[in-house]
Amino acid sequence: MLSDIQVGFLRDRIHEIGSALFSNTGNATFKLPTSIISVLRVDEEGNIWFFLHNPDLFIEEGDKAFPARLDFYRKGKPFFLQVSGEALVITDAAEIKDLTGSTASPVLHSFSRVMLVKVRVEHASYFEQRERRMSRLQSWWHAICKYLLQEKPSLRPYKLHPMILA
């Protein structure tokens with residue numbers, strides 16, 4: 001069981017990234033395909049809720065619970081998360097209504113193409129990327145360029161000059 005501080009930290013980081021790569025890590029013959037998901041909610045117990053496209057094949061009762069992994073990564077963020085746990089496909093219409101807040105039957109009909117999945121977090125790994133430091137060779141190069149050119153070396157954009165054809 002995760003503590004309230006851990007759940008709060010995970011919730012903040014998950015909502016900051018927003019999407020993840022979902023993969024089914026079970027050994028069953030029928031496995032849900034790996035797909036990109038958007039997180040709907042992270043509840044107080046640390047469960048992660050999201051919708052997943054409903055596959056064309058029938059899911060048997062025994063296959064509704066399976067081990068899964070979520071990889072949270074977003075370009076430009078200095079961290080990423082790897083979450084693993086037990087995933088459960090939710091088929092109860094009342095629970096779907098509670099989560100989405102919808103009461104109309106046409107809205108529930110649109111949920112026939114997607115299924116609600118809840119992942120109970122059993123293990124979460126948080127990784128922070130270090131700041132990139134200059135190597136000794138790079139720092140020498142910068143010092144030489146600064147001394148000779150009296151400016152910091154940088155990439156300059158290439159400018160196109162219009163040609164006048166006579």
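**View 1. Strands β1 and β4 run antiparallel and are joined by 5 bridges.** In this pairing, N24 has A68 of β4 as its bridge partner. Two strands count as paired if DSSP finds at least two bridges between them. The helices (H or I, at least four residues) and strands (E, at least two) named in these legends are DSSP runs, numbered from the N terminus. What you are looking at is a predicted model, in which local features need pLDDT of at least 70 and side-chain atom pairs count only at pLDDT 80 or more, while totals for chains, interfaces and linings use all residues. Residues are numbered from 1 along each chain as its sequence is written, and side-chain values use heavy atoms, with hydrogens and water left out.

**View 2. The whole chain has 4 helices and 6 strands.** Walk along the sequence and you meet them in the order α-β-β-β-β-β-α-α-β-α. Of the 166 residues in the protein chain, 29% are buried; buried means under 20% relative accessible area, exposed means over 50%, and partly exposed is in between (1.4 Å probe, protein chains only). The chain exposes about 12,600 Å², with carbon and sulfur atoms supplying 56% of that area. Accessible areas here come from the Shrake-Rupley method with a 1.4 Å probe, and for residues only the protein chains shown count as cover. Take the contacts between residues at least 6 apart in sequence: 66% of them join residues at least 24 apart. A contact means heavy atoms within 4.5 Å.

**View 3. How confident is the predictor, going by the average pLDDT of the chain?** The average is 77, and 77% of the residues score at least 70. pLDDT is the predictor's confidence in each residue, on a scale from 0 to 100. Among the elements, β4 has the highest mean pLDDT (91), and helix α3 (residues 105-110) has the lowest (51). Where pLDDT is low, the predicted coordinates should not be read in detail.

**View 4. Strand β1 is mostly covered, with 5 of its 6 residues buried.** Besides β4, β1 pairs with β2, in the antiparallel sense over 4 bridges. Look for S19 here: its bridge partner in β2 is S38. Another residue to find in β1 is S23, which is buried, with a relative accessible area of 16%. Leaving aside neighbours within four places in sequence, S23 is in contact with T34, A68 and R69.

**View 5. Strand β3 is largely enclosed by the rest of the structure, because 5 of its 7 residues are buried.** On one pairing, β3 meets β2 in the antiparallel sense over 3 bridges, with V42 standing opposite I48. The hairpin of β2 and β3 has 4 residues between the strands, and G46 takes a positive phi near 90° there. On another pairing, 7 bridges join β3 to β6, and these two run antiparallel. L52 has M115 of β6 as its bridge partner.

**View 6. The largest nonpolar core has 26 residues.** F22, I37, I48, F50, L70 and F72 touch the most other members. The elements giving two or more residues to this core are α1 (4-17), β1 (19-24), β2 (35-42), β3 (47-53), β4 (65-72), β5 (79-90) and β6. The largest share, 5 residues, comes from β5. A nonpolar core is a set of buried Ala, Val, Leu, Ile, Met, Phe, Trp, Tyr and Cys residues joined through side-chain atoms within 4.5 Å. In soluble globular proteins, nonpolar side chains tend to be buried together. Zoom in on F50: not counting residues up to four places away in sequence, its contacts include F22, I37, L70 and V117.

**View 7. Two residues of strand β6, V117 and A124, sit in different surroundings: V117 is buried, with a relative accessible area of 0%, while A124 is partly exposed at 33%.** Beyond four places in sequence, V117 touches I48, W49, F50, L52, A87 and L88. V117 and N47 are 70 residues apart along the chain, and their C-alpha atoms are separated by 9.9 Å. With the same neighbours set aside, A124 is in contact with L10, Q82 and V83. A124 and Q6 are 118 residues apart in sequence, yet 9.8 Å apart in space, C-alpha to C-alpha.

**View 8. Helix α4 is hardly covered: among its 14 residues, the count of buried ones is 1.** At 1.5 Å a residue, α4 (residues 136-149) should span 20 Å, and its end C-alpha atoms are 20 Å apart, which agrees. The expected span is 1.5 Å times one less than the number of residues in the helix. After α4 comes Q150, whose phi is positive, near 60°.
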